[in-house]
Amino acid sequence: MTLHVVSQGSGDRRISFVHGFTQTHRSWMKPTTGINNSTHIFIDAPNHGDSQDTSLNLQQTATELANIAHNSVLVGYSMGARMALHAIIDYPDSFTGAVLVGATPGLSDPHDRTERIAADEALAMSIERDGTKVFLESWTTQPLFQFSHFDDSEIQDRLRNSPRALASSLRLCGTGQQQPLWDRLAEITIPILLVTGEFDVKFTETAHKMHSLMSNSQIAVIKSAGHCAHTDQPEAFAEVVNRWLDSQPNSK
């Protein structure tokens, strides 16, 4: 195992969590306090937190998640949701279900992917040039996060990530690096919960498209939340996850 893992709780349900870009496993602590009867496995993604000396691409990360999160519900947000999606498609027998928050199966158009790779490379170079603090000031104020509030403790946690590590993450696991998975969504048979915030129009539309291609999925749109639905409204997030878990045939 190469990724840093923290385990918490002793409930019957085993749930593993992967965070988004620039975050660490600590970002999941508050949103998960209301999830019932569960043991939580918090994972620092490659190039983040205490895994920032480990550089992996999406396929390699999928393998790591299949090992770490075996026989658990895999939960991922944004970048973590893309990692989780690769994992549940590549290793369909490893997980009992998945919760994908702000997920995308990738860019279908090769030209769009090429442009995104170039944009991510430019962003990586800017992080290396300006440092994590300057980058975060720009990153957290972009329109995608206009409905979210990042307190000082979260910013300080994100500042643990070095410019080198964040740049590597973009180059290896950025959206442009993701192979489009739209045509493979029908392969997924485990239960899936797609979560978005009501103000996150783009990703809510994507979730509905994903849902139409899956045989065993549900959608939860959290009110008064943006792209960071689980941290914008942590109590509501825990509620929809509990409801979904309780609806599963083998729920405890």
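## A loop residue with positive phi: Ser 224

Ser 224 is partly exposed, as its relative accessible area is 42%. The residue is found in the loop that joins strand S7 (217–222) to helix H8 (229–232). Although Ser 224 is not a glycine, its phi is positive, at about 55 degrees. These values, like those that follow, refer to a predicted model.

Asn 71 is another non-glycine residue with a positive phi, here of about 60 degrees. Its loop runs between H1 and strand S4 (72–77). With a relative accessible area of 51%, Asn 71 counts as exposed, because the limit for that class is over 50%.

## Overall form of the chain

The chain contains nine helices and seven strands. Its radius of gyration is 17 Å; a compact globule of 252 residues would have a value near 18 Å, so the two agree. Along the principal axes, the C-alpha atoms occupy a box of roughly 50 × 40 × 40 Å.

Of the 252 residues, 56% are buried. When contacts between residues at least 6 apart in sequence are considered, 78% of them join residues at least 24 apart.

## Surface and charge

About 11000 Å² of the chain is exposed, and carbon and sulfur atoms supply 50% of this area. The chain carries 19 positive and 28 negative charges. The mean positions of these two sets of charges are 1 Å apart.

## Helix H6 and its packing

Helix H6 spans residues 163–173. Its buried residues are Ala 165, Leu 166, Ala 167, Ser 168, Ser 169, Leu 170 and Cys 173. They pack against four helices: H1 (58–68), H2 (79–90), H3 (110–130) and H4 (132–139).

Leu 170 belongs to H6 and is classed as buried because its relative accessibility is 7%, against a limit of under 20%. Beyond its neighbours within four places in sequence, Leu 170 contacts Phe 21, Asp 120, Leu 123, Ala 124, Ile 127 and Gln 177. The C-alpha atoms of Leu 170 and Ala 119 are 9.8 Å apart in space, while the two residues are 51 residues apart in sequence.

## Aromatic pairs and a cluster

The model holds nine aromatic pairs. One of them joins Phe 145 and Phe 150 in an edge-to-face arrangement, with 5.7 Å from centre to centre and 80 degrees between the planes. The pair is called edge-to-face because its angle falls in the range over 60 degrees.

Both rings belong to buried residues: Phe 145 has a relative accessible area of 6%, and Phe 150 has a relative accessibility of 14%. Phe 145 and Phe 150 are also members of one aromatic cluster, together with Phe 21, Phe 135 and Trp 139. Phe 21 appears as well among the contacts of Leu 170 in helix H6.

## Strands S1 and S3

Val 6 is placed in strand S1 (residues 5–8). Its relative accessible area of 24% makes it partly exposed. Setting aside residues up to four places away in sequence, Val 6 touches His 25, His 40, Ile 41 and Phe 42. His 25 is 19 residues from Val 6 along the chain, and 8.1 Å separates their C-alpha atoms.

Ser 38 lies in strand S3, which covers residues 38–43. Ser 38 counts as buried because its relative accessibility is 9%. Apart from neighbours within four places in sequence, Ser 38 is in contact with Gln 8, Gly 9, Ser 10, Gly 11, Asp 12, Arg 13 and Ile 15.

## Asn 242 in helix H9

Asn 242 is located in helix H9 (residues 234–246). At 9% relative accessibility, this asparagine is also classed as buried. Asn 242 touches Gly 34, Ile 35 and Asn 36, when residues up to four places away in sequence are not counted.

How values were computed
Residues numbered from 1 in each chain as written. Predicted model: local features only at pLDDT ≥ 70, side-chain atom pairs only at ≥ 80, totals over all residues. Heavy atoms only, no water. Helix = DSSP H or I, 4+ residues; strand = E, 2+ residues; numbered from the N terminus. Rg over C-alpha atoms; globule rule 2.2 N^0.38 Å. Buried < 20%, exposed > 50% of the residue type's maximum accessible area, 1.4 Å probe, protein only. Contact = heavy atoms within 4.5 Å. Areas by Shrake-Rupley, 256 points an atom, 1.4 Å probe, with all protein chains shown as cover. Lys, Arg positive; Asp, Glu negative; His and termini not counted. Charge placed at Lys NZ, Arg CZ, Asp CG, Glu CD. Phe/Tyr/Trp six-rings, centres within 6.5 Å; stacked < 30°, edge-to-face > 60°.
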